[in-house]
Amino acid sequence: MEKIMTNRLDRGFYKYQQEFEEKALEVLRSGWYVLGKEVSAFEEEFAAYTGAKYSVGVGNGLDALYLAFRVLGIGAGDEVIVQGNTYIASVMGITMNGATPVFVEPDEYYSIDVKEIEQKITEKTKAILVVHLYGQATPMDEICALCKKYGLRLVEDCAQSHGAYYKGKMTGTFGDIGCFSFYPSKNLGAFGDGGAIVTDDESIAKDMKMYRNYGSEKRYYNKVIGVNSRLDEMQAGLLRVRLGHIGELTDERQKIAVRYLDEIKNPVLTLPLLREECNHVWHQFVIRCKRREELIAFLDEKGIGTIIHYPIPPHLAEGYQYLGFQAGDFPKTELLANEVLSIPMYNGMKKEEQDRVIEALNAFR
Ligand SMILES: *Cc1c(COP(=O)(O)O)cnc(C)c1O
């Protein structure tokens, strides 16, 4: 039997093969490959999709985060509040600027525990970074209120939440800057690296365009020391094709999730919890199990791949030893790192494949 992998990027390509191939040829034949009309058109379409006024394409999701704090002027001596159970890129976006991450434990929905934020705010706190992890929107009302009360900036990491909304408003549009990744495995994936920010602030959009291109607004006139982080024409063109289908792609993921939620019935597994008004776009379908290693081996035996998002929380990463944390400092975060497991979830997943995943999970004892 064919192995079912956690993700199948080829299926996402073949779904719209002809459109992708036509667009690729169009870009190849255009003679213009970086910062051209595909990028401008994508930026306009992506801004419109999210409901933000502006979007600026960048090289990848990490750069979107790094440049977000950079244009907000957050750096050495500043603190940024972020959930402990995130992908390490969220934290690197903070530390690459010289700022310090201040970790908050997650709640049972794997979102930042809103009740724990206020006690972490100090004189040095400059921003809150909200990560809409796994594709479920974080409830934003209290977080927005805290930002207002303490004069903090609000940045959103939407690398996993393209199209997820809270109370009808898209993730990425609640604060100063929303940061997106278009890494191929993301819900809106490119065929290489890509990223973007969205904002309603014209000057942030302008600064972002300057920073992504060596700090220049005008060619060879460098106002600030920027970076080279540009979304290229090929990725932008192919992303425009995919963006045209994002509604049906999200629906497809949600249908698979409904099946999993209805049909996986096993007392040793914990299924994801849905929170009211927090739309979920199922970047990952994450279950929990106390006997995770046994479960992984059992599923592997049945030809079903799994992956852990993420086995080592950022505060315990070797590279972050200098922050001075140790095992036990964030027990909820660490418990999740030991129990979470992502099961196959991708566009183009066949019904028989879903059946096999469900059957295998129900058979585990
Ligand atoms: C993928 C991801 C990123 C980084 O995106 P890249 O494009 O790979 O740099 C950042 N944050 C989260 C939550 C992610 O899942």
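# Pockets, cavities and a sheet in a two-domain model

The largest pocket here takes up about 660 Å³. Of the 35 residues lining that pocket, Tyr 87, Tyr 183, Ser 185, Lys 186 and His 283 are the closest to its centre. This is a predicted model, where local features need pLDDT of at least 70 and side-chain atom pairs count only at pLDDT 80 or more, while totals for chains, interfaces and linings use all residues. Residues are numbered from 1 along each chain as its sequence is written, and side-chain values use heavy atoms, with hydrogens and water left out.

A few words on how the spaces were found. Rolling a probe the size of a water molecule over the atoms shows where empty space is left. The search runs on a 1 Å grid over the protein atoms alone: a cavity is a set of points where a 1.4 Å probe fits but cannot get out, and a pocket is an open set with protein on both sides within 12 Å along at least five of seven lines. Lining residues have an atom within 4 Å of a point. Grid points are joined across faces, edges and corners, and a volume is the space filled by probe spheres set on the points.

## The two domains

The domain assignment splits the protein chain into domain 1 (9-103 + 110-243) and domain 2 (246-363); such bounds come from an automatic or database assignment. Taken over C-alpha atoms, the centres of domain 1 and domain 2 are 24 Å apart. Their contact (heavy atoms within 4.5 Å) takes 42 residues from domain 1 and 39 residues from domain 2.

## Pockets

Back to the largest pocket: its lining draws at least three residues from each of domain 1 and domain 2. Helices (H or I, at least four residues) and strands (E, at least two) are DSSP runs, numbered from the N terminus. At least two lining residues each come from α4 (61-71), α5 (88-95), β8 and β14 (340-343), and α5 gives the largest share, 4 residues.

The second largest pocket holds about 410 Å³. It is lined by 16 residues, and Leu 35, Asn 213, Ser 216, Arg 219 and Arg 230 lie nearest its centre. Helix α7 and strand β10 (216-218) are the elements that give two or more residues to that lining.

Here is how the linings divide by class. Ala, Val, Leu, Ile, Met, Phe, Trp, Tyr, Cys and Pro count as nonpolar, Asp, Glu, Lys and Arg as charged, and the others, Gly among them, as polar.

| Space | Nonpolar | Polar | Charged |
|---|---|---|---|
| Largest pocket | 18 residues | 14 residues | 3 residues |
| Second largest pocket | 6 residues | 3 residues | 7 residues |
| Largest cavity | 9 residues | 4 residues | no residues |
| Second largest cavity | 8 residues | 3 residues | no residues |

## Cavities

Searching the whole structure turns up 3 cavities of 30 Å³ or more. The largest cavity has a volume of about 90 Å³, and among its 13 lining residues Asn 85, Tyr 134, His 309, Tyr 310 and Ala 337 are the closest to the centre. Helix α11 (residues 331-339) provides the largest share of this lining, 3 residues. Both domain 1 and domain 2 give at least three residues to the lining of the largest cavity.

Two of those names come up again in the backbone: the peptide bond from His 309 to Tyr 310 is cis, with omega near 10 degrees. Tyr 310 sits in the loop between α10 (292-301) and α11.

The second largest cavity contains about 70 Å³ of space. Its lining includes Tyr 109, Tyr 134, Pro 272 and Trp 282, and again at least three residues come from each of domain 1 and domain 2.

## The sheet

Now for the strands, which pair if DSSP finds at least two bridges between them. An open sheet of 7 strands runs in the order β1-β9-β8-β5-β4-β2-β3, with mixed pairing. β1 (54-58) and β3 (100-104) are at the edges with a single partner strand each, so one side of each has no neighbour in the sheet. From one strand to the next, the twist averages 25 degrees.

Strands β1 and β9 (residues 195-199) pair in the antiparallel sense over 5 bridges, and Ser 55 stands opposite Val 198 in β9. Helix α6 (residues 141-150) packs on the sheet, touching β4 (125-131) and β5 (153-157), and its direction makes about 145 degrees with that of β5. Axes are lines fitted to C-alpha atoms, for helices over the stretch in contact, and angles run from 0 to 180 degrees between N-to-C directions. Helix α7 (residues 202-211) lies across β1, β8 (177-181) and β9, at about 15 degrees to β1.
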